[in-house]
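Work through the exercises below with the sequence and the model at hand. Each task is followed by a solution in steps.

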Amino acid sequence: MTEPIKPCPHCGSFPDFVGDASEWKDDHRYVGLSLGCCAMMTEAIGWKRARDMSAAERESDLRQRLTEARNKRHVPE
């Protein structure tokens, strides 16, 4: 299960997911998803791994990776 997203350490807002993990990018080389507010973070899964995953599995994996990366940047008050 994915942990909740912590607020942005820069602006205090909660970021939103941007994109769709079912959309292939750059001639089907990868799928990507972003998380952003005042700063954008992006994660991607390469073609070799993504081709064997459903769109829901890719979405879940990318959301989890983005949340973990984003929360590491959180500055506690």
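**Exercise 1. A loop with positive phi**

Which residue takes a positive phi in the hairpin of β2 and β3, and how many residues lie between the strands?

Solution. The model is a predicted one, and the angles below are computed from it.
- Step 1: the hairpin of β2 and β3 has 4 residues between its strands.
- Step 2: Asp26 takes a positive phi in this hairpin, near 45 degrees.
- Step 3: continue to Asp27, whose place is in the loop between β2 and β3. The phi of Asp27 is positive and near 55 degrees, in a residue other than glycine.
- Step 4: His28 lies in the loop between β2 and β3 too, and has a positive phi of about 65 degrees although it is not a glycine.
- Step 5: for background, most residues other than glycine have a negative phi.
- Step 6: now classify the accessibility. Asp27 has a relative accessible area of 68%, so it is exposed, the cut-off for exposed being over 50%. His28 is at 49% relative accessibility and therefore counts as partly exposed.

**Exercise 2. The order of elements**

State how many helices and strands the protein has, and in what order they run.

Solution.
- Step 1: the count is 2 helices and 4 strands.
- Step 2: read from the N terminus on, the order is β-β-β-β-α-α.
- Step 3: add the overall dimensions. The C-alpha trace spans about 40 × 25 × 15 Å along its principal axes.
- Step 4: add the burial. Of the 77 residues of the protein, 29% count as buried.
- Step 5: add the contacts. Among those with a separation of 6 or more, 47% come from residues 24 or more positions apart.

**Exercise 3. The partners of β3**

Find the strands that pair with β3, and give the sense of each pairing.

Solution.
- Step 1: take β4 (residues 40-46). It pairs with β3 (residues 30-36) in the antiparallel sense over 7 bridges. The two strands form a hairpin with 3 residues between them, and Val31 stands opposite Ile45 in β4.
- Step 2: take β1. Its pairing with β3 is antiparallel, over 3 bridges. The bridge partner of Phe17 in β3 is Leu35.
- Step 3: take β2. This strand also pairs with β3 in the antiparallel sense, over 2 bridges. Trwo-sided use of one residue can be read off here: Val31 is the bridge partner of Trp24 and stands opposite Ile45.
- Step 4: check the burial of β3, which is mostly covered, with 6 of its 7 residues buried.

**Exercise 4. The surroundings of Ser34**

Is Ser34 buried or exposed, and which residues is it in contact with?

Solution.
- Step 1: locate Ser34 in strand β3.
- Step 2: the relative accessible area of Ser34 is 13%, so it is buried, the cut-off being under 20%.
- Step 3: leave aside the neighbours within four places in sequence. Ser34 is then in contact with Asp16, Phe17, Val18, Met40, Met41, Thr42 and Leu66.
- Step 4: look at Thr42 in that list. Its side chain and that of Ser34 are joined by a polar contact of 2.8 Å.

**Exercise 5. Helix α2 and its cover**

Compare the span of α2 with the expected value, then say what covers its buried residues.

Solution.
- Step 1: α2 (residues 55-72) has 18 residues, which at 1.5 Å a residue should span 26 Å.
- Step 2: the end C-alpha atoms of α2 are 26 Å apart, so the span agrees with the expected one.
- Step 3: list the buried residues of α2, which are Arg58, Glu59, Asp61, Leu62, Leu66, Thr67, Arg70 and Asn71.
- Step 4: the cover of these residues includes β1 (16-18), β2 (24-25), β3, β4 and α1 (47-50).

**Exercise 6. Aromatic rings**

How many aromatic pairs does a search of the whole structure find?

Solution.
- Step 1: the search finds 0 aromatic pairs.
- Step 2: turn to a charge over a ring. Arg63 lies over the face of Phe17, at 4.1 Å from the ring centre.

Key
Residues are numbered from 1 along each chain as its sequence is written. This is a predicted model: local features need pLDDT of at least 70, side-chain atom pairs count only at pLDDT 80 or more; totals for chains, interfaces and linings use all residues. Side-chain values use heavy atoms; hydrogens and water are left out. Two strands pair if DSSP finds at least two bridges between them. The expected span of a helix is 1.5 Å times one less than its number of residues. Buried means under 20% relative accessible area, exposed over 50%, partly exposed in between (1.4 Å probe, protein chains only). Contact means heavy atoms within 4.5 Å. Rings of Phe, Tyr and Trp (its six-membered ring) pair if their centres lie within 6.5 Å; planes under 30 degrees apart count as stacked, over 60 as edge-to-face and the rest as tilted. A charge sits over a ring if NZ of Lys or CZ of Arg is within 6 Å of the ring centre and within 35 degrees of the ring normal. A polar contact is a pair of N or O atoms within 3.5 Å; within protein, one must be able to donate a hydrogen and the other to accept it, and residues adjacent in sequence count only if both atoms are side-chain atoms.
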